[in-house]
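Student: I have the sequence and the model open and would like to work through the fold piece by piece. Where should we start?

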Amino acid sequence: MGRRGENIRKRKDGRWEARVVQGRPLRGRTNYKYFYGRSYQEVKRKKKAFLEERSTLSPNEALPLSPDNAARKLLFRELAVRWLATKKTVVKESTFVCYTIMLEKHILPALGERPASEITSGLLSAFLKKQKSSGRLRGGPLSNKTLSDMKAILMQVLRFAKGQSAISSVPECPTVTSRQRDISVFTLQEQKRLEQAALKEDTPFSLGVLLSLYGGLRIGEVCGLQWRDFNCENGTVTISRTVYRLTNVDEQTGAKTRVVIGSPKTDCSHRTIPLPTPVFQYFMQRRRDGDCYVVSGTRKCMEPRVCLCHYKRLLRRAGIADHTFHAIRHTFATRCVENGVDIKSLSEIMGHSNVKITMQRYVHPSMDSKIAQINKLPCFHASGQISGHPQKKFD
């Protein structure tokens, strides 16, 4: 018969069964791998062979943990769960969900069963390297942004482990370069066609597109805007909420996701935006009850996923190539710069904490703008020379 603690038992059908822990998710049941045989010794050999094979995996693979180690050392998984519990009341709900998913889907399956004291710089480097090349759940590489977020979580957990005296020092983690993705911006011609299509449609949703074109709103902010947020006295609109769909990490409910109406992305995102007078007057002509949401036209908000479907349909009607909704926000910032809006004012309208973010991420001068700027340079001097050299005649 199997000894207590071996996870080996005899089934009712006469076969023997052994099991090995493969993972302990933050939510739900523990995952096991099972082995079957006609005798106790047979399944014990299968289990032992599996554990020995798994112990030879590279550091960035799932790692075994013997009962002795479990009794002696605190696992990285246990520390990660404790750290996550400390974050639940101090970060936004959306941030907490991101932490949970990142740990559950990527970090803990590979590092969770490793004692925290065995997490080294080499192990972290190998782990991030593999995640970069093939870390997506459906195969393929992860983006630099995701890797950067993953590294930040790893370092926070390790610093927490040091504070809990589980490790003597925090290992160094390799630098993750985050390259900004190329964001498409509407050309002037495309912007005119999009605006014309929105005006022709004249629906509550089309108002959301115009708001983003002339106020730089994010899609969640557009969905969360109510008519009471408009100030008729000074022609402004206040951004005080956003709508987003979250993965449900509460095991008490069966729904996988849920729609949340929460505060804007950051403190700076809570802002008041002045709208051009003709645009504001256009909105006031279509004003509804203050509790109604602008883009839904009812007292129930439209979620971003539905908003995006309407937007794609509007692009097709306007004959415009596919752009993300966020491209409207980039287009707004670019047009502001092209028309001489000062960067500090633009940064506050966009809801950024500093002007550096505005300049680096949201300003994309068009080729026409670049040509106009470069033509301001003096080229042919009155002396007839260019850069100190005699001017040559061209045939």
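Student: Which residue in β5 stands opposite Phe230?
Tutor: This is a predicted model, in which local features need pLDDT of at least 70 and side-chain atom pairs count only at pLDDT 80 or more, while totals for chains, interfaces and linings use all residues. Residues are numbered from 1 along each chain as its sequence is written, and side-chain values use heavy atoms, with hydrogens and water left out. β4 and β5 pair in the antiparallel sense over 2 bridges; strands are DSSP runs of E with at least two residues, helices are runs of H or I with at least four, both numbered from the N terminus, and pairing requires at least two DSSP bridges between two strands. Across from Phe230, in β5, is Val237.

Student: Which are the edge strands of the sheet?
Tutor: The open sheet has 3 strands in the order β4-β5-β8, with antiparallel pairing. An edge strand pairs on one side only, and that applies to β4 (230–231) and β8.

Student: What is the bridge partner of Ile239 in β8?
Tutor: β5 and β8 run antiparallel and are joined by 4 bridges. On β8 (residues 271–274), Thr272 and Pro274 form the uncovered face, while Arg271 and Ile273 form the covered one. The partner of Ile239 belongs to that covered face, and the residue is Arg271.

Student: Which helix gives the most to the largest nonpolar core?
Tutor: A nonpolar core is a set of buried Ala, Val, Leu, Ile, Met, Phe, Trp, Tyr and Cys residues joined through side-chain atoms within 4.5 Å; buried means under 20% relative accessible area, exposed over 50%, and partly exposed in between, with a 1.4 Å probe and protein chains only. The largest such core has 47 residues, and Phe186, Leu194, Leu225, Phe230, Phe283, Val294 and Ile328 have the most contacts inside it. At least two of its residues come from each of several elements, including α7 (188–201), β5 (236–239) and α12 (326–338). With 6 residues, the top contributor is α8.

Student: With which residues is Gln191 in contact, leaving aside those within four places in sequence?
Tutor: Gln191 lies in helix α7 and counts as buried because its relative accessibility is 10%. Its side chain makes a polar contact at 2.8 Å with the side chain of Arg335; such a contact is a pair of N or O atoms within 3.5 Å, within protein one able to donate a hydrogen and the other to accept it, and residues adjacent in sequence count only if both atoms are side-chain atoms. Taking contact as heavy atoms within 4.5 Å, the full list for Gln191 is Phe186, Leu213, Thr331 and Arg335.

Student: How is α7 set against α11, parallel or perpendicular?
Tutor: Arg193, Leu194, Ala197, Ala198 and Glu201 of α7 meet Leu314, Leu315, Arg317 and Ala318 of α11. Their axes come within 9 Å and cross at roughly 110°. That angle makes α7, relative to α11, roughly perpendicular.

Student: How far apart in space are Tyr34 and Asn7, C-alpha to C-alpha?
Tutor: Tyr34 sits in strand β3 (residues 31–37) and counts as partly exposed because its relative accessibility is 37%. Beyond its neighbours within four places in sequence, Tyr34 is in contact with Glu17, Ala18 and Arg19. Asn7 is 27 residues away from Tyr34 in sequence, and their C-alpha separation is 9.9 Å.

Student: What share of the residues in the protein chain is buried?
Tutor: The protein chain has 15 helices and 10 strands. Of its 395 residues, the buried share is 38%.

Notes: Axes are lines fitted to C-alpha atoms, for helices over the stretch in contact, and angles run from 0 to 180 degrees between N-to-C directions. Angles under 35 degrees count as roughly parallel, over 145 as roughly antiparallel, 65 to 115 as roughly perpendicular and the rest as oblique.
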